Amino acid sequence: MAFVDNKLAGLVAATFTPFTSQGEINLTEIGPYINYLVEKQGVKNIFVNGTTGESMSLSVAERKILADEWCGKARGKMDQVIVHVGCMNLKESQELARHAAQIGASGIAVIAPSFYKPSTADVLRTFLKEIAAVAPTLPFYYYHLPAVTGVNIPVREVLQNIEELIPSFSGVKFSSSDLMDFGQCVSHSPPHWSLLYGVDEQLLAALALGAHGAVGSTYNYVGRHINNLISAFNSGDLIEARSIQFKLQELLSHAFKLGFDVGVNKQLMVELSGLPLGPPRLPVRPCPLPQAQEIAQKYHNFVLHI
Ligand SMILES: CC(=O)N[C@H](C=O)[C@@H](O)[C@H](O)[C@H](O)CO
Ligand SMILES: CC(=O)C(=O)O
């Protein structure tokens with residue numbers, strides 16, 4: 001039972017990747033970004049180079065430089081930095097996994113490859129094993145995001161005997177609304193795994209099923225409120241917990257109507273945090289300013305009412 005002492009719990013912000021206005025990675029904003037999360041949002045864990053961080057639009061070299069900077073700047077300030085190392089091919093994922101171990105990441109996560117999709121739980125587990133094996137000292141998380149990857153193998157099946165293949169296996173970032181599958185993962189998991197929920201708008205339901213924490217993009221700017229939701233849930237105050245969840249649902253349903261992708265989300269973060277994170281990278285479209293400002297307006301109403 002490795003890694004029991006360091007179980008990942010609570011909120012984890014999936015970070016945006018700062019770019020310059022010319023579209024190059026911008027390391028100078030990473031320190032201030034970490035300070036913002038800790039001081040303004042009370043968020044002490046980050047998930048870097050994930051979906052929100054546009055990892056699939058970054059080169060391997062860029063991903064290494066970014067991971068290094070996030071880990072370095074987080075030292076002494078954050079509890080955990082999980083580096084997403086998933087790529088479309090095994091070799092690059094292994095290279096990033098080895099690198100994550102060298103730079104002192106707290107753990108690594110891998111999403112299913114989505115061009116050549118694994119067709120069974122067995123082949124997916126084997127793919128994950130080949131990556132975990134090159135960084136055996138790092139806690140390993142499977143990242144399930146079926147709406148984006150198109151890989152819809154029930155996580156419950158993926159977890160079957162997974163510790164025999166991956167001794168460092170430590171949990172799942174579960175970004176699907178299939179709460180039956182999520183519940184089954186919780187009920188069949190050993191106590192040292194972390195099951196982290198990734199659909200921010202329905203976190204409360206996942207907490208009721210036993211989620212240990214949550215990874216999401218919105219915790220970059222609603223972390224403080226969602227920390228209150230979790231505290232209310234833990235103290236049995238479901239009325240308060242629901243009221244906060246409903247507010248986030250209002251905010252996001254408004255955002256979805258206007259079109260809510262990584263580009264819009266990033267610009268919303270820029271508006272709300274004041275951090276100059278730059279535009280997204282193609283093929284994600286830069287967000288028209290009024291669109292982000294309208295969502296930001298809704299956010300300010302949201303904050304005023306909780
Ligand atoms: C597809 C995607 O990026 N999902 C994020 C994390 O898994 C969530 O944090 C969503 O951005 C959020 O729940 C809004 O839908
Ligand atoms: C949202 C999330 O967890 C990611 O950006 O990967």
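These legends describe close-up views of a predicted model.

**View 1. The two annotated active-site residues, Tyr-143 and Lys-173.** The UniProt annotation "active site", from an unreviewed entry, covers Tyr-143 and Lys-173. They are spread over 31 residues of sequence, yet they cluster in space. The largest C-alpha distance is 4.7 Å. Tyr-143 sits in strand 5 (residues 140-144). Lys-173 belongs to strand 6 (residues 169-174).

**View 2. The surroundings of Tyr-143.** Is Tyr-143 buried or exposed? Tyr-143 is buried, because 25 other C-beta atoms lie within 10 Å and the cut-off for a buried residue is 20 or more. Neighbours within four places in sequence are left aside here. Beyond those, Tyr-143 is in contact with His-84, Gly-86, Ala-109, Val-110, Ile-111 and Lys-173.

**View 3. The surroundings of Lys-173.** Lys-173 is also buried, with 28 other C-beta atoms within 10 Å. Which residues is Lys-173 in contact with, leaving aside its neighbours within four places in sequence? They are Ala-109, Tyr-141, Tyr-143, His-144, Leu-196, Gly-198 and Val-215. Ala-109 is thus in contact with Lys-173 and with Tyr-143.

**View 4. The shell around ligand 2.** The residues around ligand 2 include Lys-173, which the UniProt record annotates as "active site". Ala-14 and Phe-47 are also around ligand 2. So are Gly-50, Thr-51, Thr-52 and Gly-53. Gly-198, Val-215, Gly-216 and Ser-217 complete the list. Gly-198 and Val-215 are in contact with Lys-173 as well. By type, the shell divides into 3 nonpolar, 7 polar and 1 charged.

**View 5. Helix 3 from end to end.** Helix 3 (residues 90-102) has 13 residues. At 1.5 Å a residue, they should span 18 Å. The end C-alpha atoms are 19 Å apart, which agrees. Gly-104 follows helix 3, and its phi is positive, near 80°.

**View 6. The buried and exposed sides of helix 3.** Ser-93, Leu-96, Ala-97, His-99 and Ala-100 are buried in helix 3. They cover an arc of only 165° around the axis, so they lie on the same side of helix 3. What do the buried residues of helix 3 pack against? Their partners are helix 2 (60-74), strand 3 (80-84), strand 4 (107-111) and helix 4 (121-132). The face turned away from the buried side of helix 3 carries the exposed residues Lys-91 and Gln-102.

Key: Residues are numbered from 1 along each chain as its sequence is written. Chains are lettered from A and ligands numbered from 1 in the order in which they are written. This is a predicted model: local features need pLDDT of at least 70, side-chain atom pairs count only at pLDDT 80 or more; totals for chains, interfaces and linings use all residues. UniProt positions are given in the numbering used here, feature names are shortened, and annotations may be inferred rather than shown by experiment. Helices (H or I, at least four residues) and strands (E, at least two) are DSSP runs, numbered from the N terminus. A residue is buried if 20 or more other C-beta atoms lie within 10 Å of its own, exposed if 12 or fewer, and partly exposed in between; C-beta atoms are placed from the backbone. Two residues are in contact if their C-beta atoms, placed from the backbone, lie within 7 Å. A residue is near a molecule or strand if its C-beta atom, placed from the backbone, lies within 6 Å of it. Ala, Val, Leu, Ile, Met, Phe, Trp, Tyr, Cys and Pro count as nonpolar, Asp, Glu, Lys and Arg as charged, and the others, Gly among them, as polar. The expected span of a helix is 1.5 Å times one less than its number of residues. The arc is that of the directions from the helix axis to the C-beta atoms.
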